[in-house]
Amino acid sequence: MTPGEALRLLGAYVDGELDPLKTLELEAHLAENPEARAACERLRGLSAAIRAKADYHAAPASLAARLAASVPPVPERPRRLALPRWLPLASAFACVAALAFVAATLLVRPGEDDRLAAELLDAHVRATLAGRAFDVASSDQHTVKPWLSARLPFSPPVADLSAHGFELTGGRLDYVGGRRVAVLAYKRRQHLIDVFVWPGEARPGLNLSRDGFNIERFASNGMSFWLVSDLNRNELGDLAKLLAERAAL
Amino acid sequence: MSEPGQRFERVVLPHLDAAYNLARWITRNDHDAQDVVQEAMLRAYRFFGSLRGEAKPWLLAIVRNSCLSWMQVNRPADLAGFDDRAVDAVPTEEEGPEAQVLRAIDRRMLNEAITALPAQFREVLVLREMEDMSYKEIARVADVPIGTVMSRLARARRLLAESMRAVSNAAGRMGK
């Protein structure tokens with residue numbers, strides 16, 4: 001790799017956007033060229049400085065209020081056509097029966113997970129929208145954990161993961177799937193992450209994406225964990241791994 | 001939950017901060033950013049049915065377009081070169097030993113330096129560093145090929161590093 005090409009690809013490398021082959025070539029070049037390494041460090045430093053220090057302009061509350069006033073809560077939509085009356089009743093029955101059968105035999109488990117995921121996603125978005133990410137605001141696990149334990153019939157594991165770039169911002173209570181659950185609120189850069197915890201049986205891990213949000217589930221030590229965030233899937237997976245390690249202790 | 005209004009609320013509104021941050025950095029003004037975002041959200045609401053895939057780049061593309069139309073009317077001078085797609089980053093010779101400058105970056109200096117960047121470089125930088133978007137998503141927002149995102153980002157960082165260095169050199173001279 002020529003120094004010119006290395007310099008050209010450095011940004012994409014720092015951004016994690018370089019394909020694996022070029023990454024290997026560039027890393028070999030970096031290993032041999034202290035100047036290129038220094039340039040790489042400068043880029044990382046600049047990127048870190050912007051992320052840590054540049055102003056992030058969150059929408060002011062007045063704007064949200066103006067929007068609430070101008071965006072109708074539920075727009076008019078043409079009503080769906082009712083089933084044509086001439087449709088033989090029997091065939092409708094047959095369809096319904098067939099669907100019910102398929103649902104009952106094949107889809108019960110995934111359906112349950114789906115419903116729960118949708119409910120958790122709603123809970124996450126509601127909390128984010130209302131600016132009510134937590135009932136107890138604290139980055140101290142020794143404050144959050146007793147607060148939650150005092151209000152729940154179980155004691156959720158609360159981990160300080162700031163060393164890994166996941167900042168604990170607080171905890172709250174929520175009601176999901178017919179039970180009271182603990183919610184740990186973490187933050188990474190601008191992304192809010194809700195970790196829903198309740199005592200539950202071990203179920204296989206799961207991750208899915210919906211409406212731009214990622215959802216990840218795992219179980220550890222008798223607790224069920226669901227992570228919901230608009231953070232990318234890899235980093236959300238990292239957090240799941242860290243939490244699983246801590247919970248298993 | 002299946003009502004479109006509620007779906008809009010769940011899918012699009014969570015990106016309001018990102019929308020405002022982008023508009024604020026493009027227009028460089030709080031008041032203008034509020035107007036532009038309000039208009040963009042209404043547009044997004046109207047075209048919600050056309051959303052395919054991820055909501056965030058889709059919404060930010062609408063916000064960006066609203067910013068551009070607004071600036072065409074109100075501040076055309078700021079738009080010079082905004083859609084110049086031929087801009088390419090030519091890697092420069094190395095930048096000297098002042099790496100420590102970046103470590104001592106001052107918040108106000110940094111904000112001013114970003115604000116002073118030409119608009120087409122400022123927007124990719126904001127999307128990358130503040131919204132943590134991938135090149136592909138940025139390409140969708142800015143409506144340019146991924147290669148252009150890469151070169152604009154490189155150019156943005158180089159300009160920014162240069163201006164930070166110039167400012168801190170000047171500050172250094174004044175201190176002596």
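These questions and answers cover the contact between two chains, one helix and the nonpolar cores of a predicted model.

Residues are numbered from 1 along each chain as its sequence is written, and chains are lettered from A in the order in which they are written. In this predicted model local features need pLDDT of at least 70, side-chain atom pairs count only at pLDDT 80 or more, and totals for chains, interfaces and linings use all residues.

Q: What makes a residue part of the contact between chain B and chain A, and how many does each chain give?
A: Two residues are in contact if their C-beta atoms, placed from the backbone, lie within 7 Å. Chain B gives 44 residues and chain A gives 45. By class, the side of chain B that touches chain A has 24 nonpolar, seven polar and 13 charged residues. Here Ala, Val, Leu, Ile, Met, Phe, Trp, Tyr, Cys and Pro count as nonpolar, Asp, Glu, Lys and Arg as charged, and the others, Gly among them, as polar.

Q: Why are the buried residues of α6(B) placed on the same side?
A: Buried means 20 or more other C-beta atoms within 10 Å of the residue's own; exposed means 12 or fewer. B:L110, B:A113 and B:I114 are the buried residues of α6(B). They cover an arc of only 100 degrees around the axis, so they lie on the same side of α6(B). That arc is taken from the directions from the helix axis to the C-beta atoms. On the other side, B:R108, B:T115 and B:A116 are exposed.

Q: Which residues touch the most other members of the largest nonpolar core?
A: B:A19, B:L22, B:A23, B:V37 and B:V63 do, in a core of 65 residues. Such a core is a set of buried Ala, Val, Leu, Ile, Met, Phe, Trp, Tyr and Cys residues joined through C-beta atoms within 7 Å.

Conventions: Helix = DSSP H or I, 4+ residues; strand = E, 2+ residues; numbered from the N terminus.
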